[in-house]
Amino acid sequence: AGLKMYFPITAGIFRRHVGDVKAVDNVSFDIYEGETLGLVGESGCGKSTCGRVILRLYDPTAGSIRIDGVEIGKSTQSDLRKMRPTMQMVFQDPQASLNPRMTVAAIIGEPLDEHSKLTKGEKLDRIYELMDAVGLNRNFANRYPHEFSGGQRQRIGIARALALNPKFIVCDEPIAALDVSIQAQVVNLLEQLQDQFGLTYLFISHDLSMVRHIADRVAVMYLGRIAELAPREALYDKPMHPYTQALLSAVPEPDPNIETERRRIILTGDVPSPANPPKGCNFCTRCPKVMGICRQIEPEFREVEPNRHVACHLYNDTNETAGQTATSEV
Ligand code: SF4
Ligand code: MG
């Protein structure tokens, strides 16, 4: 079974448990060392929650999270504290995630206070080193976040995330709050740091053009589940899941010389509530290719071609397989 993160909904004066918001519902994928896995989807699809539960900022409802083979899904807070240095997060809004009353040096140095035993001088050296790495002027070490531009603030956030030499970083919409003119600079910086420090990224974004630029593989999330996971080129050249097809049909082709045969697919209807997802395939209420079976049986997320995973009945091997699933589930 995959990873689940449900948030309970309670009602009434006795706070009776009446249901769950299934923010992350049976999600299962690997992230390979040194790669960038893009996690894309519309806002509210559960991608941020997914990133946070992988870092154990939330306790998962069910399922397993392994980092380097070590199961951390049920680790205690004190075990997690020891793991913390290896896995970090870069947040969407550098403004909100930086303490306005702390200097840049104090912000970047904070993880060092908690997790390392550096002398004052060593700590300052490390802070300068990190400022160099992210392209911040050392002379600004004693300034406050509000004295910086949005892009520079995100560099401060990245320096803080790097302080303890992490291996794995969840970048949650790291450029969404930035001016378009700055976005590419920050993405280029993240790529350069990845090469320099051998980092592995989970890059969460709603921006398919940006993900195309940075990701090695891409996972498409819809309503708490992964619809499709594929190497970048394969996904953008030949999207298989109807939801991916619809998302990509709205993205302009980067090379205007390429004639695309892709027509814009307009999805109708709202995204259903994660508290009450449709039966069967969770995309069935909006899918242009919906079939009878889709409203009855949840499609299995499986490898339909080498390295390509899709959760859709269109790619069932035979109807017999579908029939068997039907009998076992009904
Ligand atoms: Fe569409 Fe059915 Fe595939 Fe779901 S399983 S994406 S409803 S065709
Ligand atoms: Mg989000």
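This report describes a ligand shell, one loop residue and one helix pair in a predicted model.

Residues are numbered from 1 along each chain as its sequence is written, and chains are lettered from A and ligands numbered from 1 in the order in which they are written. In this predicted model, local features need pLDDT of at least 70 and side-chain atom pairs count only at pLDDT 80 or more, while totals for chains, interfaces and linings use all residues.

Ligand 1 is surrounded by 14 residues, each with its C-beta atom, placed from the backbone, within 6 Å of the ligand. The closest are Cys281, Cys284, Cys287, Cys294 and Cys312. The table gives the classes, where Ala, Val, Leu, Ile, Met, Phe, Trp, Tyr, Cys and Pro count as nonpolar, Asp, Glu, Lys and Arg as charged, and the others, Gly among them, as polar.

| Place | Nonpolar | Polar | Charged |
|---|---|---|---|
| Shell around ligand 1 | 11 residues | 2 residues | 1 residue |
| Contact of H4 with H5 | 5 residues | 1 residue | 2 residues |

Ala275 sits in the loop between helix H10 (242-249) and strand S11 (302-305). Helices (H or I, at least four residues) and strands (E, at least two) are DSSP runs, numbered from the N terminus. Ala275 is partly exposed because 14 other C-beta atoms lie within 10 Å; 20 or more would make a residue buried, and 12 or fewer exposed. Beyond its neighbours within four places in sequence, Ala275 is in contact with Ile9, Gly19 and Val21, contact being C-beta atoms, placed from the backbone, within 7 Å. Ala275 and Ile9 are 266 residues apart in sequence, but 8.3 Å apart from C-alpha to C-alpha.

Helices H4 (residues 104-115) and H5 (residues 120-133) pack at about 115°, with axes 10 Å apart. Axes are lines fitted to C-alpha atoms over the stretch in contact, and angles run from 0 to 180 degrees between N-to-C directions. From H4, the contact uses Ala105, Ile108, Gly109 and Leu112, and from H5, Lys123, Arg126, Ile127 and Leu130.

Definitions and conventions
Contact = placed C-beta atoms within 7 Å.
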